[in-house]
Each structure stands twice: as C-alpha cells, then as structure tokens.
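Visitor: Could you walk me through this one, a few questions at a time?
Guide: Gladly, let's start as soon as it is on the screen.

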Amino acid sequence: MKNVKELIELGELVGKRLLLRPLLISDVTQRYVDWLNDPEVNQFIDIRDVKQNIDMVREYVQSYEGKNNKLLLGIFEKGKYLHIGNITISSIDWKNGAGSVGIAVGDKVYWGKGYATEALSLASDFSFSRLKLHRLEAWISANNLPSQKLFKKVGFVQEGILKDRVKFDTKYVDALIFGLVNKEA
Ligand SMILES: CC(C)(COP(=O)(O)OP(=O)(O)OC[C@H]1O[C@@H](n2cnc3c(N)ncnc32)[C@H](O)[C@@H]1OP(=O)(O)O)[C@@H](O)C(=O)NCCC(=O)NCCS
C-alpha cells in the first residue's frame, strides 16, 4: 500500500492566494472550533447536530495521522498564513484510483471570493498528479447550491442521485454524486 505521508511530503501546495498543507493538532484553535459550531458553516456538514469543542476537533485532526487512505489539508491564506478552511481527500481506494473530496471554508469573511475554487482546483491537481488517482467524487446535498456551483466550476459533473439520502431535521433530501475523472491517466 502507498504511504500517504510519504506522498505528501512535498511541504505545501501553493496557489495564487492560498496554500494547502496537512493540518496539525497545533492548528486547532478556538477560532476553528467556532466555525464548526456556526450554523451557516455547518448546515450541510454531518457534525451540524453535535456541538464541537477543542478536544473533539483535536481528536478529529489526530484521526488522520498516519493513515494511508485519507488526508486532511488546511487551507491557508498565503499572505497572513491564516487558516481559513479545510479540504479532505478520504476513502482513498488505491486499487481503483478513486477518492472522495470534501471542503469547507470556515472563515465566512473569505466566502464568495473564489477561495474555494482555488483550493479545490489545487487539491484536485494534487490528487491526480501526486497521488496518481484517476477519479475524485463528492456527495453534495441537493439543497447545497453554493457547493454544487463550486464543484461544477472546477469541472466536476453530476453523475447520479441518491434519493432521500440526507436527513435535515425531519426532512429527507437527495444527495447528488459529483465526479471528476483525470482524462490524462
Ligand atoms: C461551499 C463553499 C466551500 C464555497 O466557498 P467559496 O469560497 O465561497 O466559493 P467560491 O467563492 O470559490 O465560489 C464558487 C462558486 O460558488 C458560488 N457561490 C459561492 N457562495 C454562494 C452562495 N452563497 N450562493 C450561491 N452561489 C454561491 C460562486 O458564485 C461561484 O460560482 P460563480 O463563479 O459561477 O459565481 C463555502 O460556502 C462553504 O464552506 N460552505 C460551508 C461548508 C459546505 O457546505 N461545504 C460543502 C459540503 S459538500
């Protein structure tokens, strides 16, 4: 099996305004915990019903350490080296060259300015060029329009629908499956 840690020992992935790097336990601040508890930020994320605290988030970050099938990258604004969100590449299936991607820009000051587009593009390029994956996929709730727009903008296409897959309070909502295939490999 490939070692994700070795594969990502490239330091940082640097874009125009952002850099991505593996998140460390020392990156867990109260500011980061507060994003996760913000109903606008967490409304489409699984943890929305569970109030987060520093220890829970540290444990979450630690759960990625030394794993061969998933990685957690922090999104940092380059100029200020400020942590503004996260990207995960998880459920990596090395045999079939597939992985799942998830993203959250937690600092709402950075919403609507193209930061998620830049971060998702960087993570997709990295998954194809360094991890040598062949495809990436994401499940997006049908009511999460910003995220659908984001993934389409980066080149993902909707491939399927899982009916009534996600429960919001008492209501079931479809999950849309988006995929991006590396045409060069
Ligand atoms: C979804 C999310 C990552 C988008 O981040 P962002 O940095 O604001 O996205 P960008 O600025 O790169 O915008 C990407 C596209 O989405 C659109 N978009 C962003 N926010 C939007 C909103 N609130 N309503 C409608 N469209 C929106 C942008 O207009 C842009 O499309 P366009 O260039 O065609 O106009 C961010 O809103 C977020 O973290 N939300 C909470 C967590 C979440 O839902 N994660 C996804 C789980 S699948």
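Visitor: In which strand does Ser91 have its place?
Guide: Keep in mind that this is a predicted model. Ser91 has a phi near 45 degrees, a positive value in a residue other than glycine. The element that holds Ser91 is strand β4.

Visitor: Is Ser91 buried or exposed?
Guide: The cut-off for the exposed class is 12 or fewer other C-beta atoms within 10 Å. Ser91 has 12 C-beta neighbours inside 10 Å, so Ser91 counts as exposed.

Visitor: Where is Lys132 found, and how many other C-beta atoms lie within 10 Å of it?
Guide: Lys132 is not a glycine, yet has a positive phi of about 60 degrees. It is found in the loop between α5 and β6. Lys132 is classed as partly exposed, because the number of other C-beta atoms within 10 Å is 13.

Visitor: Let's turn to the sheet. In what order do the strands stand?
Guide: The sheet is open and its pairing is mixed. β1 (13-14) and β7 (157-168) each have a single partner strand, so one side of each is left without a neighbour in the sheet, and these two stand at the edges. The order of the 8 strands is β1-β2-β3-β4-β5-β6-β8-β7.

Visitor: Which glycine in the turn between β4 and β5 has a positive phi?
Guide: β4 (residues 82-93) and β5 pair in the antiparallel sense over 7 bridges, with Ile87 opposite Ile103 in β5. The two strands form a hairpin with 4 residues between them. The turn residue with a positive phi, about 65 degrees, is Gly97.

Visitor: What is the handedness of the crossover from β5 to β6?
Guide: β5 and β6 run parallel and are joined by 3 bridges. Among the partners across these strands are Ala98 with Arg135 and Ser100 with Glu137. The chain crosses from β5 through α5 to β6, and this β-α-β crossover is right-handed.

Visitor: On its other pairing, which residue of β8 is the bridge partner of Glu137?
Guide: β6 and β8 pair in the antiparallel sense over 7 bridges. Ser141 stands opposite Ala175 in β8. For Glu137, the bridge partner in β8 is Gly179.

Visitor: Which side chains of β6 point to the buried face?
Guide: Side chains alternate along β6. Arg135, Glu137, Trp139 and Ser141 point to one face and are not buried. The residues that point to the other face and are buried are Leu136, Ala138 and Ile140.

Visitor: Now the ligand. Which element gives the largest share of the shell around it?
Guide: The shell has 24 residues, and Trp111, Ala116, Thr117, Pro146 and Lys149 come nearest to the ligand. Elements that give two or more residues are β5 (98-105), α5 (115-129), β6 (135-141) and α6 (145-154). The largest share, 6 residues, comes from α6.

Visitor: How many residues of the shell are nonpolar, polar and charged?
Guide: Sorting the residues around the ligand by class gives three groups. The polar group has 6 residues and the charged group has 3, while the nonpolar group has 15.

Visitor: Why do the buried residues of α6 lie on the same side?
Guide: The buried residues in α6 are Ser147, Leu150, Phe151 and Val154. They lie on the same side of α6 because they cover an arc of only 90 degrees around the axis.

Visitor: Which residues are exposed on the other side of α6?
Guide: The buried residues of α6 have a cover that includes α5, β6 and β8 (171-181). After α6 comes Gly155, with a positive phi near 115 degrees. On the other side of α6, the exposed residues are Leu145, Lys149 and Lys152.

Visitor: One last stop: what separation do the C-alpha atoms of Gly79 and His134 have?
Guide: Gly79 lies in the loop between β3 (71-77) and β4, and counts as exposed because it has 8 C-beta neighbours inside 10 Å. Along the chain, Gly79 and His134 are 55 residues apart. Their C-alpha atoms are separated by 32 Å.

Conventions. Residues are numbered from 1 along each chain as its sequence is written. This is a predicted model: local features need pLDDT of at least 70, side-chain atom pairs count only at pLDDT 80 or more; totals for chains, interfaces and linings use all residues. A residue is near a molecule or strand if its C-beta atom, placed from the backbone, lies within 6 Å of it. Ala, Val, Leu, Ile, Met, Phe, Trp, Tyr, Cys and Pro count as nonpolar, Asp, Glu, Lys and Arg as charged, and the others, Gly among them, as polar. A residue is buried if 20 or more other C-beta atoms lie within 10 Å of its own, exposed if 12 or fewer, and partly exposed in between; C-beta atoms are placed from the backbone. The arc is that of the directions from the helix axis to the C-beta atoms. Two residues are in contact if their C-beta atoms, placed from the backbone, lie within 7 Å. Two strands pair if DSSP finds at least two bridges between them. A crossover is right-handed if, with the strands pointing away from the viewer, the path from the first strand over the helix to the second runs clockwise.
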